[in-house]
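The following questions and answers introduce the structure shown below. Each answer sets a value against its definition.

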Amino acid sequence: MKHFVVTIGREFGSLGREAGKELAQELGVEFYDRDLVRKAAEELGTYSYKLKELDESRPSVLSQYLFGSSDIDKLIEAQSQIIRDLAERESCIIIGRCADYILRDRDDTLNVFVYAPDQIRYAHLLETYRNKEEYKGRLNTEDDYLAFQQEIRELMNAVDHKRHDYYKYVTGINRGERYHKDLILNSGTLGVKGVVKTIKAAVEYKFGDNE
């Protein structure tokens, strides 16, 4: 297999991250997601929670006041440089962080966007968050569960908006559009296994030693 990098953008709750982890295992390469936050923070010698606040979120007025707009740009550039370094050094899977745009001039990348219908994403998020420690013991009545459902729906919308705004802030284009994308996959139709199988086939076709 030739050198390759797969970037995966995803809607919140579409299981794009889970597909990326499974794909990395099948291809025998590293998987990079939130650890890029830590790496960028270490590079700048700042606290990881500062960068985490900005991770895939458009800088707010408050964050610009706290950190300064020049510091925000430094944080974004540090993470971008780490992505470029990883792409140069090794074959890998990179989730989000505008990696498709950052690596747009490379011909050894396969850029994927994973989405799903809102109701499928919502159902997955309900199941995921219902089993989290923070919600255990809180869902005892019908009213509790109705409030929980509303909270998850608002969370889904908020995270999607944050990711969209961040992508637009960094790239100037809308997240999920065909630009810089090679595959746009519906996990609601394909499921995680189908998404992984489709991306893997594309990687093997594009980067396999079949000349």
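**Helix packing and two acidic residues**

Q: Why are helix 7 and helix 8 called oblique to each other?
A: Helix 7 and helix 8 are called oblique because angles under 35 degrees count as roughly parallel, over 145 as roughly antiparallel, 65 to 115 as roughly perpendicular and the rest as oblique. Helix 7 (residues 118–130) and helix 8 (residues 142–171) pack at about 120°, with their axes 10 Å apart. The axes are lines fitted to C-alpha atoms over the stretch in contact, and angles run from 0 to 180 degrees between N-to-C directions. Helices are DSSP runs of H or I with at least four residues, strands are E runs with at least two, and both are numbered from the N terminus. This is a predicted model, in which local features need pLDDT of at least 70 and side-chain atom pairs count only at pLDDT 80 or more, while totals for chains, interfaces and linings use all residues. Residues are numbered from 1 along each chain as its sequence is written, and side-chain values use heavy atoms, with hydrogens and water left out.

Q: What makes E11 buried?
A: Buried means under 20% relative accessible area, exposed over 50%, and partly exposed in between (1.4 Å probe, protein chains only). E11 has a relative accessible area of 19% and is therefore buried. E11 is found in the loop between strand 1 (5–10) and helix 1 (16–27).

Q: Why is D118 called partly exposed?
A: The relative accessible area of D118 is 43%, so D118 is partly exposed. D118 is found in helix 7.

Q: How do you know that the side chains of E11 and R121 form a polar contact?
A: A polar contact is a pair of N or O atoms within 3.5 Å; within protein, one must be able to donate a hydrogen and the other to accept it, and residues adjacent in sequence count only if both atoms are side-chain atoms. The polar contact between the side chains of E11 and R121 is 3.4 Å. In addition, a polar atom of the E11 side chain lies 3.2 Å from the backbone nitrogen of A116.

Q: Why are helix 1 and helix 9 called oblique to each other?
A: The axes of helix 1 and helix 9 (residues 187–207) cross at roughly 50° and come within 9 Å. Helix 1 and helix 9 are therefore oblique to each other.
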